[in-house]
Amino acid sequence: MTNSPVKHAPHLPASTAAPTDHQLRSPKHNRGLRKLQSAHQLSSNYAALNTTSLISQQRQQQQHRNTSASHNAQAPQIPPLPILSSHHRTRSNSDAVVPNTTISASTSRKTAAPKKSPACQDPREELEGLVRQGPQGDLQAKLARLRYLVLCEGLLADSDGMSQSRIYVWLILLNAPAIPTDSYLDLIRRGASPAYSKIRNDTFRTLATNPLFKRRVSEASLIRLLNAIAWKLHDAKIEKLGDSTKVNAANELGSPELQHASPAVKHAQGPPTTTATDSSEAGGTEPGIYVQGMNVLCAPFLYAARSEAEAFVAFHLFVTRECPGYVRGAMDGVHKGLALVDKCLAIIDPKLSAYLQSKHMKAELYAFASVLTMCACTPPLPEVLQIWDFLFAYGPHLNILCICAQLVIMRETLLTGPSPTKLLRSFPPLQAKLIIEFAASNLRKIPADVYEELVHHAE
């Protein structure tokens, strides 16, 4: 072990003599030397001032002036001593009033940046400002500007697709009202919904091979949200059934003709009509409370949202306003969308469409999941979120054109490949910018009547 030089230093006897060089090696003696040097400098400066203070010199000067004036003597006058200004350190973090000082632009290192005019403002900053501060002026013009910025610039996000403003942009474009969190919690406290067993059979398979989704969204969160949506849709069905029952009862008993009619007349009117809600689970035209595929459709909302309550509001509005036909028992909206995929592809790329038709490859065989989930079934998830930004801005009906875009991207492979059936079992990874560019540029090729079908097919 190495010995410490401090512990084994030789003991020096006390001495009144000047410190030697060997003694000056310790910190104490260094400080002592600095004190001696400072005292020497002070004494030298004091001697330079002729060992008299400034006040004494001024007093002697005044006495000398009085003496010379009384005796009229010619004596050399001592020049007045300059007033030495002492340097004082200013206080920091003080509430004292600081005098105004002018700093030239050449000496200042940091100057305040001028406010950017709207014409010079960065588009990303403008988009964030619209989300955080709200529109100023014409609401419709600002919404159109927001959609344009989403299309051209996109939302600022990291490599995992996480964006601080994405869920709020979606809620704005969905025109979502402010709903208290307790409304969502009340639905959770009600326990298992009538569709709970179906939900549990699907949740564990939701984006099972996507590590980004599994790392951020738990299965328990997905179950809670889908169960709350099922309760919400169930309550809407019961309310609508109650209103229909009241209307039927009023028509039967409320009219004076039927109240005073004979039993034969009442029998001729027939039994009261039943609502279509009873057949919703068996493939009717009314919305169901859960259909297979809603778990994948719900996944991007939970991934992008900052809370389950936000995802609940956005997902409920999406399935009830934008695509209610996708969650009916018969999924008639999905089947209409599949027919539109074939029709739009024939308009955009007739050669590719004819080739697929010759191979008996209709959209029902390869595009069912893409239509139902708005392309959320195809990785990677960050690209899905970018496509959804476009769909929320200009309408989910444009998902049909996004599916056509994926087919056109695969065009050469499909035409030259031996079997398009194997190639279309799973779509290649999404390229959001290319797909959005294709959908927006080919929209003008779609006739007005076909576009009208696109807009209303999910209702």
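Biologist: Which residue follows α3, and what is its phi?
Modeller: Gly134 comes right after α3, and its phi is positive, near 85 degrees. Helices here are DSSP runs of H or I with at least four residues, strands are runs of E with at least two, and both are numbered from the N terminus. This is a predicted model, in which local features need pLDDT of at least 70 and side-chain atom pairs count only at pLDDT 80 or more, while totals for chains, interfaces and linings use all residues. Residues are numbered from 1 along each chain as its sequence is written, and side-chain values use heavy atoms, with hydrogens and water left out.

Biologist: And which residues of α3 are buried?
Modeller: In helix α3, which spans residues 123-133, they are Glu126, Leu127, Leu130 and Val131; buried means under 20% relative accessible area, exposed over 50%, and partly exposed in between, with a 1.4 Å probe and protein chains only. Seen down the axis of α3, these residues fall within an arc of 135 degrees, so they line one face of the helix, where the arc is that of the directions from the helix axis to the C-beta atoms.

Biologist: What do they pack against, and what is on the other side of α3?
Modeller: The buried residues of α3 pack against α4 and α5, the latter covering 166-173, whereas Arg132 and Gln133 are exposed on the other side. Contact means heavy atoms within 4.5 Å.

Biologist: Switching topic, where is Ala376, and is it buried or exposed?
Modeller: Ala376 sits in the loop between α17 (368-372) and α18 (381-394), and it is buried, with a relative accessible area of 4%. Setting aside neighbours within four places in sequence, Ala376 is in contact with Leu207, Val296, Pro300, Val384 and Trp388. Ala376 and Leu207 are 169 residues apart along the chain, and their C-alpha atoms are separated by 9.0 Å.

Biologist: What about the backbone in that loop, say at Met374?
Modeller: Met374, which is found in the loop between α17 and α18, has a positive phi of about 55 degrees although it is not a glycine, and it is buried, with a relative accessible area of 2%. Pro380 belongs to the loop between α17 and α18, and the peptide bond from Pro379 to Pro380 is cis, with omega near 0 degrees. For background, most residues other than glycine have a negative phi, and most peptide bonds are trans.

Biologist: And His360, where is that and what is its phi?
Modeller: His360 lies in the loop between α15 (350-358) and α16 (363-366); its phi is positive, about 60 degrees, although it is not a glycine. His360 is exposed, with a relative accessible area of 65%.

Biologist: Which residues touch the most other members of the largest nonpolar core?
Modeller: Of its 105 residues, these are Phe301, Phe315, Phe318, Tyr366, Val371, Trp388 and Leu424, where a core is a set of buried Ala, Val, Leu, Ile, Met, Phe, Trp, Tyr and Cys residues joined through side-chain atoms within 4.5 Å. Leaving out neighbours within four places in sequence, Phe318 is in contact with residues including Leu174, Phe301 and Met374.

Biologist: Last one: how many helices and strands are there in the protein?
Modeller: The secondary structure comes to 23 helices and zero strands, and buried residues make up 35% of the 459 residues. Among contacts between residues at least 6 apart in sequence, 74% join residues at least 24 apart.
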